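The following exercises are to be worked with the sequence and the coordinates at hand. Each task is followed by a solution in steps.

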Amino acid sequence: MTINNASRTQTTFSARNAWAWTWPKLFAIALVLGGWELLFLSEWRPSYVLPGPIETFDALFKMAGTERFWLAVKTTMTRAGTGFILALVLGSIVGIAVARIKPLRLAVGNVITGLQVMPSIAWFPLAILVFGLNEQAILFVVVLGAGPSIANGVIAGIDHVPPAFTRLGRVLGAGPIALYRDIVLPAALPTYVAGLVQGWSFAWRSLMAGELLVIIAETPSLGTTLDFARQMSKVPELIATMIVILLIGMLVDSVFGTISRKIRRDRGLAIDD
Amino acid sequence: MKQAELMLRADNVSKSFGPEGAATVALSGVDMSIRAGEFVTIVGASGCGKSTLLNLFAGLDKPSSGTIEVNGKVALMFQEATLLPWLTARKNIELALNYAGVARSDRDARVAELLDIVRLGDWADKRPHELSGGMRQRVALARCLAQGARIVLMDEPLGALDAMTRDHLHDEIESIVKAQGLTVVFVTHNMREAVRLGDRVILMGSRPGRVVYEQSVPLKRPRTMDSNDIASRAADLTNRLKAEQGILEGADS
C-alpha cells in the first residue's frame, strides 16, 4: 500500500516536472507562431515575400519527403561533424600546450582570443583562394571558427583547477602525465565542455556562411538549399530551411546542455535543473 | 631500553618566502625529531608555520636552510578532504593505490579493506558531495592509508568538522594509527585536541615560526576531550602560547 502510494506520488511528481518543463516552450512556440500569423494576416508584406506559418510548414513537410532534402542535411551534418571533431582535436592539443608551456602562452595566448572574436566569414576569401571552391575551404573555416573557443575552454579550465588538486596529485605521487590525465583534465572538464558548446555554435555559424559562399556543384546542402530558394523566390522553402537550421543548432546544443548538466550534477555543482 | 627508529628529523630548519630583502620568515631554527610509532601533535597560532613544516616533511617544498630527514614514505592529509568530486569514494581510494603501484587485480580487495577500516563499506559508490564532512574526511583517511606510508602527516584534518563528528574521528584515528603502527604528525590549533591525541605536544610560536615548548602526554588511552587532565594541560598550553605572544594570562582554552 505504502509502495503504491509512493510510486503514485513519484509518477505525479514526474508528470508535474515534465509539464513544468514543457509548457514554457509550448507557450513560446505558440507566441511566435501566433505573432507570425498575425503579421501575415496584416498583409504587412505580400504573401510571396512573407508567407504564413501554414504555407511554410506545408513546404517543410513536402521538403522532408524528398531525397534531396535528406542528402542536404547529411552533407551539412557531415561537414559540421568533421569540422567540429577536427577543431576539437586541434583546439584541445593547442589548449593543453598553451596552458602548460609558459613561453607558448606568452607568444600565442592573445592570438587565440583574437582568432575567437574574428568573424569567420572574413577567412573565406583567403580559404577560397588557397583551397578553391571545395570542401577543404569550408572545413578550414569551420575549424578556424570553432578551434579557438575550444582551445580557450581548455586553457581556462586548466587555469581554474584548484591548486589543492594539483598539490594532492603530487602528494599521491602522480607523475606529470598521470597528473594531467587523472586530475587536471577531469577537473577542467566543466569549463572545457562550456568551450565545446561555444565552439559548436561558432562551427555551425561558420558552416552556414561557408555553404552560402562556397557552392559545390551536385552537392546539395542546407546552405545551398537556402540560396537556391532565395534565387528562385521560393520563400516558404527558404523559411522552412531556416527553421531546419535553427532546429539542428538547438538539438546539438541541447545534447551539450545535457552532458554539461550531467557533469555538474555528478560533481554536486548543479543548482536546480 | 633501545629507542625507536628515527622517522622524521628537522635540523635547524628555516624557511622564508618572497624575494631576498623583503622575505617573510615562516620558520626559523626548527629542531624536531619524531620516532617510529609516535603520535606527535603540533599546536600554535595561525601563521606560525605549522603547515609549512608539514610541507617540508612531505617534500612539497625545500627548506631555505637546515636539513630535513625523512625515513620512509610519507602520506599527507589536508584540512579539506580534497576528494576528487568526479570520482566515487572507491575510485578516490583506488587512484592512490594506483599511484602507490598496487597491482590492478589487488586493488578492489584493498579498497574494500580500507573502506571497512574507516567504516564506510556501504558508501563506496557515493561521490564526495553525497557524503557528510566527517565521511569525506574518513575517505581521505582511507586514501591516505592507501599510499602505504608508515608516516602520516595530518594538517588540521578535523578543523572544519562539528564537535561530535570530531570526537568520533579522534577515536577512529587513534585506533587506526595503533592498529597500523603508524607514525603521525598531527597539526591543529585546538589545544584540547592536541593533548587528546598526542603522545607528545609541540608548541610553536609565531613570527618567525619556531618550537617554543614541548610536553609529553603520559595520560592513559582511551582519552576524552572533556577530561580534567586534558583540560588542565590544554589550559597550560594556551597560557604558554599567550605568554609567548605577549597576551595576558587568565582565559581558559
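**Exercise 1. Helix packing in chain A**

In α3(A), the residues A:Thr76, A:Arg79, A:Ala80, A:Gly83, A:Phe84, A:Ala87, A:Leu88 and A:Gly91 meet A:Leu196, A:Gly199, A:Trp200, A:Ala203, A:Trp204, A:Leu207 and A:Glu211 of α8(A). Task: classify the residues of this contact, then describe how α3(A) and α8(A) pack.

Solution. The model is a predicted one.

Step 1. Sorted by class, the contact of α3(A) with α8(A) comprises nine nonpolar, four polar and two charged residues.

Step 2. Helix α3 of chain A spans residues 67-100, and its axis lies 10 Å from that of α8(A), at an angle of about 135°.

Step 3. Angles that are neither under 35 degrees, nor over 145, nor 65 to 115 count as oblique; α3(A) and α8(A) are therefore oblique to each other.

Step 4. The hand of the crossing between α3(A) and α8(A) is right-handed.

**Exercise 2. A second helix pair in chain A**

Task: determine at what angle α4(A) and α6(A) cross, and which residues meet.

Solution. Step 1. Helix α4 (residues 102-117) and helix α6 (residues 135-159) of chain A have axes that come within 8 Å and cross at roughly 135°. The two helices α4(A) and α6(A) are therefore oblique to each other.

Step 2. The crossing of α4(A) past α6(A) is left-handed.

Step 3. From α4(A), A:Ile112, A:Thr113, A:Leu115 and A:Gln116 take part; from α6(A), their counterparts are A:Leu144, A:Pro148, A:Ser149, A:Ala151 and A:Asn152.

Step 4. Five nonpolar and four polar residues make up the contact of α4(A) with α6(A), with no charged residues.

**Exercise 3. A helix pair in chain B**

Task: describe the crossing of α2(B) and α3(B), and state which residues meet.

Solution. Step 1. Helix α2 of chain B covers residues 89-99 and helix α3 of chain B covers residues 104-117; their axes come within 10 Å and cross at roughly 120°. The crossing is right-handed.

Step 2. B:Ala89, B:Arg90, B:Ile93, B:Glu94 and B:Leu97 of α2(B) meet B:Arg107, B:Arg110, B:Val111, B:Leu114 and B:Leu115 of α3(B).

Step 3. The class count for the contact of α2(B) with α3(B) is six nonpolar, no polar and four charged residues.

**Exercise 4. Domains**

Task: state how each chain is divided and how far apart the domain centres lie.

Solution. Step 1. In chain A, domain 1 is 1-44 and domain 2 is 53-266; their C-alpha centres lie 31 Å apart.

Step 2. In chain B, domain 1 is made of 6-72 + 151-245, and domain 2 is 84-149. The centres of these two domains of chain B, taken over C-alpha atoms, are separated by 25 Å.

Step 3. Domain 1 of chain B brings 14 residues to the contact, and domain 2 of chain B brings nine residues. On the side of domain 1 of chain B that touches domain 2 of chain B, β6 (151-155) and α5 (163-180) of chain B each supply at least two residues. The largest share of that side, seven residues, comes from α5(B). Its classes are nine nonpolar, four polar and one charged residues.

**Exercise 5. The contact between the chains**

Task: which helix of chain A gives the most to the side that touches chain B?

Solution. Step 1. Chain A and chain B each contribute 16 residues to the contact.

Step 2. On the side of chain A that touches chain B, at least two residues come from each of α7 (163-172) and α8 (176-213) of chain A. With seven residues, α7(A) gives the most to this side.

Step 3. This side of chain A has nine nonpolar, two polar and five charged residues.

Step 4. For the complex, the predictor gives an ipTM of 0.81 and a pTM of 0.80.

**Exercise 6. Backbone exceptions**

Task: locate the cis peptide bonds of B:Pro208 and B:Pro222 and the positive phi of A:Glu218.

Solution. Step 1. Most residues other than glycine have a negative phi, and most peptide bonds are trans.

Step 2. The bond joining B:Arg207 and B:Pro208 is cis, with omega about -10°. B:Pro208 is in the loop between β8 (200-205) and β9 (210-216) of chain B.

Step 3. The bond from B:Arg221 to B:Pro222 is also cis, with omega near 0°, and B:Pro222 lies in the loop between β9 and α7 (228-245) of chain B.

Step 4. A:Glu218, although not a glycine, has a positive phi of about 60°; A:Glu218 is in the loop between α8 and α9 (222-231) of chain A.

Definitions and conventions: Residues are numbered from 1 along each chain as its sequence is written. Chains are lettered from A and ligands numbered from 1 in the order in which they are written. This is a predicted model: local features need pLDDT of at least 70, side-chain atom pairs count only at pLDDT 80 or more; totals for chains, interfaces and linings use all residues. Two residues are in contact if their C-beta atoms, placed from the backbone, lie within 7 Å. Helices (H or I, at least four residues) and strands (E, at least two) are DSSP runs, numbered from the N terminus. Ala, Val, Leu, Ile, Met, Phe, Trp, Tyr, Cys and Pro count as nonpolar, Asp, Glu, Lys and Arg as charged, and the others, Gly among them, as polar. Axes are lines fitted to C-alpha atoms, for helices over the stretch in contact, and angles run from 0 to 180 degrees between N-to-C directions. A crossing is left-handed if the near helix is turned anticlockwise from the far one by less than a right angle, and right-handed if clockwise. Domain bounds come from an automatic or database domain assignment.
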